[in-house]
Structures are given as C-alpha cells and as structure tokens.
Amino acid sequence: MTSMEQMTLFDREMPQPLAARLRPRNLEEYAGQTHLLGKGKVLRRLIESDQVSSMIFWGPPGVGKTTLARIIAGRTKSAFIDFSAVTSGIREIRTVMEQAEQNRRFGERTIVFVDEIHRFNKAQQDAFLPFVEKGSIILIGATTENPSFEINSALLSRCKVFVLHALTAEELTGLLHRALLDDRGFGMQQVRIPDEMIMAIANFANGDARSALSTLEMVVLNGEIDENGEVTVTEETLEQCTSRKSLLYDKKGEEHYNLISALHKSMRNSDPDAAVYWLARMLEAGEDPLYVARRVTRFASEDVGLADPQALEIAVAAYQACHFIGMPECSVHLTQAVVYMSLAPKSNALYMAYEHAKTDAIEQLAEPVPLVIRNAVTELMGELEYGKGYQYAHDTQEKLTNMQCLPDSLADREYYQPTSQGREADFRERLEQVKAWRSASRRSGSANTGLCSRENDA
C-alpha cells in the first residue's frame with residue numbers, strides 16, 4: 001500500500017453524529033431560548049437588524065451556544081472563526097486577530113467564537129481587548145460558568161451577556177420528533193418508537209439537546225430490524241442505552257408529584273428508611289438532583305424550622321454540593337440531607353406564621369406603617385413626625401422596648417406560635433419572656449422609663 005493510499009484510507013469521511021447532522025441552519029430550526037429568540041425578543045431583533053455586537057452566551061452544556069453563534073454569522077454575512085479556549089494560547093489568538101484584520105481591510109466582518117472562554121487566563125482574555133475595542137472582531141464567547149467571576153471585567157464590560165436556559169422536556173421532545181422525520185436524521189428509515197419513550201429520552205437528557213439526540217441515535221442504531229428494514233425500539237433497548245431501569249417518568253406528570261410527595265411526607269413522619277427509598281426512586285428515574293435539593297431546602301424551614309435551625313444550613317450545603325459535582329456523586333449528599341431532615345425535631349410554626357400574616361397582609365394591604373417606626377430621611381418627613389418617639393432597643397438594659405410595631409388594627413395579632421420541639425423550646429421561652437416584659441411595662445405605664453429615644457434611626 002502506498003503512502004497516498006494510506007492517506008486516503010485515514011482521511012475517509014466518517015458519518016457525522018446525529019447531533020452534528022441536525023445542527024440547525026437558521027433561527028427557524030433552532031430549538032429553545034424563546035425568551036431571547038422569540039418574535040420581537042431582544043436578541044432576535046439584533047440579529048435580524050444586523051446590529052450584533054460582542055456578546056457572551058452563558059448556559060449549561062447542550063443548549064445551542066455554538067449553533068447560535070454560527071447562525072448569527074450566517075445571518076449577518078460575517079466570516080466565522082471557531083476558536084477553542086481548551087487548545088489555544090496567545091500565539092493562536094494573535095494569528096486569528098491578524099486574519100480578522102485582513103478580513104476587515106477587505107470590508108468583511110469577522111465573528112470570533114470562543115468556546116469555553118472561561119478557560120482562558122487573564123493574559124489570554126486581555127489579548128482580545130484591543131481588537132474588540134476597535135471593532136476588528138465581534139467576539140462571541142460561550143461559557144458554562146458565571147461570567148461575573150470568570151471573565152475579566154474589562155472584557156465583560158464590552159460584551160452583552162445573554163443567559164441561555166436548559167431546554168424544556170417539550171422542546172426536546174419536538175427536537176427528537178424532528179430527528180425522526182428529517183432526512184438528515186432518520187427520515188429515510190422507518191423507525192417505530194412510542195411517544196412515552198421519546199418523552200423518557202427527553203427527561204433523561206435533562207435539558208441537553210446534544211445528549212437527547214445522542215441517546216436517540218443510540219437506541220435507534222441498537223433497535224430491532226425486521227425483514228422490511230423497519231427499526232423497532234423496545235423498552236429493553238432504551239434501558240440498556242440509558243443505563244436506567246424502567247423508572248423513567250414524566251417530570252411534569254402525576255408520578256413526578258407522587259414521588260416528591262412521598263419523600264416530603266416520609267421526612268415529615270421521621271421515617272429515614274422510606275425517605276431514602278423515595279429519594280433513590282427519583283434520582284434513579286433521572287430526576288434533576290437540584291430539584292430534589294430545592295424541595296429539601298423548603299422542607300428545612302417549613303417542617304423543621306427553628307426546632308433545628310441547622311437544618312436549613314444542611315439543606316443549602318446539599319444543594320451547593322449537587323450544583324458542584326452533579327449525579328451520581330451528589331446522591332450521597334442528598335441522602336445525608338434527607339436523613340437529617342427525617343430525624344430532626346419538627347415544627348411548622350414558621351410556615352403557619354407566614355400563612356396567617358399573609359392572610360392579613362392581603363386583606364389589609366393599605367394599612368399604614370406606624371409613624372413611630374418610619375424613617376425620616378428628609379426635613380419634611382421630620383415635620384410630619386416620621387419616627388417621632390422611636391425607641392432604640394440597644395440603648396436599654398433589657399434590649400427591649402414596649403413600642404408598637406404593628407398597625408393599630410393588628411396590634412394584638414400573634415402570628416408566630418413556637419412549639420416546644422427541639423431548639424424551638426428555647427425560642428418559645430425567650431418569646432414568653434419578651435411578652436411578659438412588655439405586658440408588665442405597659443401596665444406600669446413606663447413607656448419611656450430608662451429608655452433613650454433615637455428618632456430617625458433606620
């Protein structure tokens with residue numbers, strides 16, 4: 001075999017993955033980001049009026065950041081340079097900038113797309129600055145990290161940040177159906193796959209279009225082919241290709257709410273075994289761990305509250321751990337939080353306090369703030385007696401005053417009714433002491449005895 005034959009063999013074009021074949025060619029084919037690209041939305045108007053400037057796309061993987069940059073370049077008739085922050089350094093940046101300058105001299109704009117721009121260090125990011133400032137290039141950066149922390153402020157100030165969202169299950173389902181019908185996808189084949197499996201793939205992808213299409217491609221390629229060439233995707237094939245049992249469920253359907261309800265009520269009933277089981281059912285079904293972590297955080301205040309103030313800290317820490325490392329590793333952090341909530345003393349006093357206060361707030365929205373606790377920030381407000389008679393609690397020995405802070409119509413309301421569970425027993429005792437002191441103070445008529453008045457203190 002000659003060297004030329006070897007080159008031909010290795011250069012033979014391999015079939016592209018489904019996600020690459022189906023890459024949208026225009027805004028009409030683009031899925032998701034309707035908050036930016038819907039009719040009349042800001043980014044769509046910029047593109048259609050050919051007024052694009054340097055920008056940063058911030059969003060999770062697989063939501064179409066690179067694709068959108070390519071569509072912008074094609075729609076605005078600009079040269080497009082795809083640049084990776086992973087493999088490029090300052091030398092490569094300078095080479096690209098020279099090419100962009102040459103394009104500019106010939107009257108052609110250049111869009112430089114930098115994938116994972118947060119991976120560039122400060123010196124590399126600074127290398128773009130002069131070319132962005134004088135308009136040699138339109139820079140479009142893509143990042144999965146918060147630009148406020150990862151992009152130099154000088155560069156960030158010259159770019160508009162657009163936040164791209166994970167695709168919804170409905171958007172992914174539409175994308176998968178299009179892949180089955182489009183000739184660039186499986187439109188030339190007969191593929192039998194039930195709608196519930198399409199939805200399962202969409203849920204499994206968790207907002208990532210690339211992942212959804214890759215999973216679809218895998219299940220179709222591994223489907224059963226009959227004598228007519230028709231492909232049938234079975235539940236067994238789907239389970240094997242997703243490494244999931246038949247637990248996948250519609251994240252917006254009845255089973256979704258049944259399982260989160262089971263988890264919540266198991267924790268409320270102080271049953272850690274049941275709580276961990278329902279947690280596992282949700283996570284192994286492909287549920288978003290951050291969704292579970294948010295529900296656990298709600299539980300920490302709704303059902304535990306001040307009976308164990310540390311519960312909220314545990315829940316928030318679990319959420320952060322899920323955000324940092326994701327599944328499957330974060331399952332143990334959620335287990336820790338769920339078991340802690342199950343065994344913590346329970347109190348719904350905070351939940352009930354807010355619900356009762358909310359009812360009064362809605363019914364009496366026009367109740368004025370008592371003058372005594374208003375802040376007199378102008379001379380006119382002082383003349384209107386804003387803050388007159390205000391008592392500064394820190395100037396008293398008890399750190400208490402008998403000043404009325406509720407509107408007159410609600411003066412006797414008691415929203416927070418602490419229980420005797422866990423640490424809340426201490427808060428209950430403290431509240432009883434405060435109420436007793438105020439009652440005695442008002443009976444004796446010593447409203448200002450031993451108190452220093454600090455009017456207009458915020």
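# Reading contacts, burial and packing in a predicted model

In this predicted model, residues 24 or more positions apart account for 73% of the contacts in the chain with a separation of 6 or more.

Student: What does the chain contain in terms of helices and strands, and what share of the residues counts as buried?

Tutor: The chain has 22 helices and eight strands. Of its 458 residues, 41% count as buried.

Student: How should one describe two packed helices?

Tutor: Two packed helices are described by the angle between their axes and the distance between the axes. Here, take helix H17 (residues 289–304) and helix H18 (residues 310–325): their axes come within 9 Å and cross at roughly 175 degrees. Since angles over 145 degrees count as roughly antiparallel, H17 is therefore roughly antiparallel to H18.

Student: Which residues of H17 and H18 make the contact?

Tutor: On H17, the contact is made by Pro289, Leu290, Ala293, Arg294, Val296, Thr297, Ala300, Ser301 and Val304. On H18, Ala311, Leu312, Ala315, Val316, Tyr319, Cys322 and His323 take part. By character, the residues of this contact divide into twelve nonpolar, three polar and one charged.

Student: Why do spacings of three or four places matter in a helix?

Tutor: An α-helix has 3.6 residues a turn, so residues three or four places apart point the same way. With that in mind, one may look again at the H17 list, which includes Ala293, Val296, Thr297 and Ala300.

Student: How is burial read for a whole helix, for example H5?

Tutor: One asks how many residues of the helix are buried, and then what surrounds them. In helix H5 (residues 65–75), eight of the eleven residues are buried, so H5 is largely enclosed by the rest of the structure. The buried residues are Lys65, Thr66, Thr67, Leu68, Ala69, Ile71, Ile72 and Ala73.

Student: Which elements do the buried residues of H5 pack against?

Tutor: They pack against two helices, H3 (34–37) and H4 (42–48), and against strands E1 (55–58), E2 (79–84), E3 (110–115) and E4. Just after H5, Lys77 takes a positive phi of about 55 degrees.

Student: Strand E4 was just named as a partner of H5. How does one read a single residue there, such as Thr143?

Tutor: One takes location, accessibility and partners in turn. Thr143 lies in strand E4 (residues 138–143) and counts as buried, at 1% relative accessibility. Its side chain makes a polar contact with the side chain of His118 at 2.8 Å, and the Thr143 side chain also reaches the backbone nitrogen of Glu145 at 2.9 Å. Leaving aside residues up to four places away in sequence, Thr143 touches Ile56, Phe57, Trp58, Gly59, Lys65, Ile117 and His118.

Student: Is Arg44 buried or exposed, and what does its side chain contact?

Tutor: Arg44, in helix H4, is buried, with a relative accessible area of 10%. The side chain of Arg44 makes a polar contact with the side chain of Glu28 (3.2 Å). Beyond four places in sequence, Arg44 touches Leu27, Glu28, Leu36, Leu37, Gly38 and Lys39.

Student: Where is Gly207, and which residues does it touch?

Tutor: Gly207 is in the loop between helix H12 (195–205) and helix H13 (209–221), and is buried, with a relative accessible area of 7%. Gly207 and Leu172 are 35 residues apart in sequence, yet their C-alpha atoms are 7.3 Å apart. Not counting residues up to four places away, Gly207 touches Gly62, Val63, Ala166, Leu167 and Leu172.

Student: How many salt bridges does a search of the whole structure find?

Tutor: The search finds 22 salt bridges. For each one, the N to O distance and the accessibility of the partners can be read together. Glu116 and Arg119 meet at 2.8 Å, N to O, and Glu116 is partly exposed at 26% relative accessibility. Asp360 and Arg413 form another salt bridge, with the closest N and O atoms 2.7 Å apart. That pair links distant parts of the chain, 53 residues apart: Asp360 is in helix H20 (residues 349–363), and Arg413 is in the loop between helix H21 (379–383) and helix H22 (424–444). Asp360 is buried at 8% relative accessibility, whereas Arg413 is partly exposed at 39%.

Student: Which residues do salt bridges with shared partners join into one network?

Tutor: Arg25, Glu29, Arg178, Asp182 and Arg184 are joined in this way. Within that group, Arg25 forms a salt bridge with Glu29, the closest N and O atoms being 2.6 Å apart. Arg25 is exposed, with a relative accessible area of 54%, whereas Glu29 is buried at 16%.

Note on methods. Residues are numbered from 1 along each chain as its sequence is written. This is a predicted model: local features need pLDDT of at least 70, side-chain atom pairs count only at pLDDT 80 or more; totals for chains, interfaces and linings use all residues. Side-chain values use heavy atoms; hydrogens and water are left out. Axes are lines fitted to C-alpha atoms, for helices over the stretch in contact, and angles run from 0 to 180 degrees between N-to-C directions. Helices (H or I, at least four residues) and strands (E, at least two) are DSSP runs, numbered from the N terminus. Angles under 35 degrees count as roughly parallel, over 145 as roughly antiparallel, 65 to 115 as roughly perpendicular and the rest as oblique. Contact means heavy atoms within 4.5 Å. Ala, Val, Leu, Ile, Met, Phe, Trp, Tyr, Cys and Pro count as nonpolar, Asp, Glu, Lys and Arg as charged, and the others, Gly among them, as polar. Buried means under 20% relative accessible area, exposed over 50%, partly exposed in between (1.4 Å probe, protein chains only). A polar contact is a pair of N or O atoms within 3.5 Å; within protein, one must be able to donate a hydrogen and the other to accept it, and residues adjacent in sequence count only if both atoms are side-chain atoms. A salt bridge is a side-chain nitrogen of Lys or Arg within 4 Å of a carboxyl oxygen of Asp or Glu.
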